[in-house]
Amino acid sequence: MSDKWLEWAKRIQAISQSGLAFSKNVYDRERYEELRAISTEIMQEHTGLEMTKIKDLFANESGYQTPKVDVRGVVFKDDKILMVKEKIDDKWSLPGGFCDIGLSPGENVVKEIREESGYDVTPVKLLALLDLNKHPHPPQSHHYYKIFIQCSMTGGEARSGVETKGIGFFKEDDLPELSIGRNTESQIKMMFEFLRDGGKEAVYD
């Protein structure tokens, strides 16, 4: 129950943004603007962040609000999985990040793996499409879908990127400390299930 305030704030923000996207009535728009202001006040009260920063991060979009999309690359070598060490928290994750507009999920995962690990890959299989809210991630200010795509390595060499400070391959029973905002232990173990069973069907929430 301790994170219910965040869920309520996100729902109010989504309703207000969608209302502003479609409403033409000036009085309705004023009500939706008030709802948006209330959602940012809730965030400010519980986080202590400056209101301007909350507006920039949480309430600066327009149009009908939909979940954001995060893509993660799954690369195996000698029964180990490729992971990168994040500079932001000194913990490990599957290479990946937000999907860029103009690129497909497959193109995005190739780009992210190259930028964060130095390796060149080819996407081969969609493994999972997961709702962040249904997994033990820390609370987030937005609603995210996470796409996990298995890739085969075609070249390159280990090289840290702008956001990473280490590259490694890890066994399922010897995982490093995970950046759980990006991936959880249960998700990593799910990826190893696909390594053991090549016929396993894609997982979705």
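Here are some numbered notes on how this predicted model is put together.

1. Before you start: this is a predicted model, so to speak of local features we need pLDDT of at least 70, side-chain atom pairs count only at pLDDT 80 or more, and totals for chains, interfaces and linings use all residues. Residues are numbered from 1 along each chain as its sequence is written, and side-chain values use heavy atoms, with hydrogens and water left out.

2. Start with strand 1 (68-77). Helices (H or I, at least four residues) and strands (E, at least two) are DSSP runs, numbered from the N terminus. Of the 10 residues in strand 1, 7 are buried, so the rest of the structure largely encloses it. Buried means under 20% relative accessible area, exposed over 50%, and partly exposed in between (1.4 Å probe, protein chains only).

3. Which strands pair with strand 1? Strand 6 does, in the parallel sense over 8 bridges, and there Val75 has Cys151 as its bridge partner. Strand 4 (residues 96-98) runs antiparallel to strand 1, with 3 bridges, and Asp70 stands opposite Phe98. Strand 2 is also antiparallel, over 2 bridges. For two strands to count as paired, DSSP must find at least two bridges between them.

4. Now look at the turn. Strand 1 and strand 2 make a hairpin with 2 residues between them, and Asp78 in that turn has a positive phi of about 55°. Lys77 stands opposite Lys80 in strand 2. The charged end of Lys77 also sits over the ring of Phe169, 5.5 Å from its centre. The rule for a charge over a ring is NZ of Lys or CZ of Arg within 6 Å of the ring centre and within 35 degrees of the ring normal.

5. What fills the largest nonpolar core? It has 17 residues, and those with the most contacts inside it include Val74, Phe148 and Met191. A nonpolar core is a set of buried Ala, Val, Leu, Ile, Met, Phe, Trp, Tyr and Cys residues joined through side-chain atoms within 4.5 Å. Strands 1, 2 and 5 and helix 5 each supply at least two residues, and helix 5 gives the most, with 5. Leaving aside neighbours within four places in sequence, Val74 is in contact (heavy atoms within 4.5 Å) with residues including Ile81, Leu94 and Met191. Apart from this core lies another, of 12 residues, among them Leu82 and Val110.

6. Helix 5 (185-196) is worth a closer look. Its 12 residues at 1.5 Å each should span 16 Å, and its end C-alpha atoms are 17 Å apart, which agrees. The expected span is 1.5 Å times one less than the number of residues. Its buried residues include Gln187, Ile188 and Phe194, and what covers the buried ones includes strand 1, strand 6 and strand 8. Lys200 lies over the face of Phe194, at 5.4 Å from the ring centre.

7. There are 4 aromatic pairs. Rings of Phe, Tyr and Trp (its six-membered ring) pair if their centres lie within 6.5 Å; planes under 30 degrees apart are stacked, over 60 edge-to-face and the rest tilted. Trp92 and Phe170 are edge-to-face, 5.0 Å centre to centre with 75° between the planes. Trp92 is in strand 3 and Phe170 in strand 7, so this pair ties together parts 78 residues apart in sequence. Both Trp92 and Phe170 are buried.
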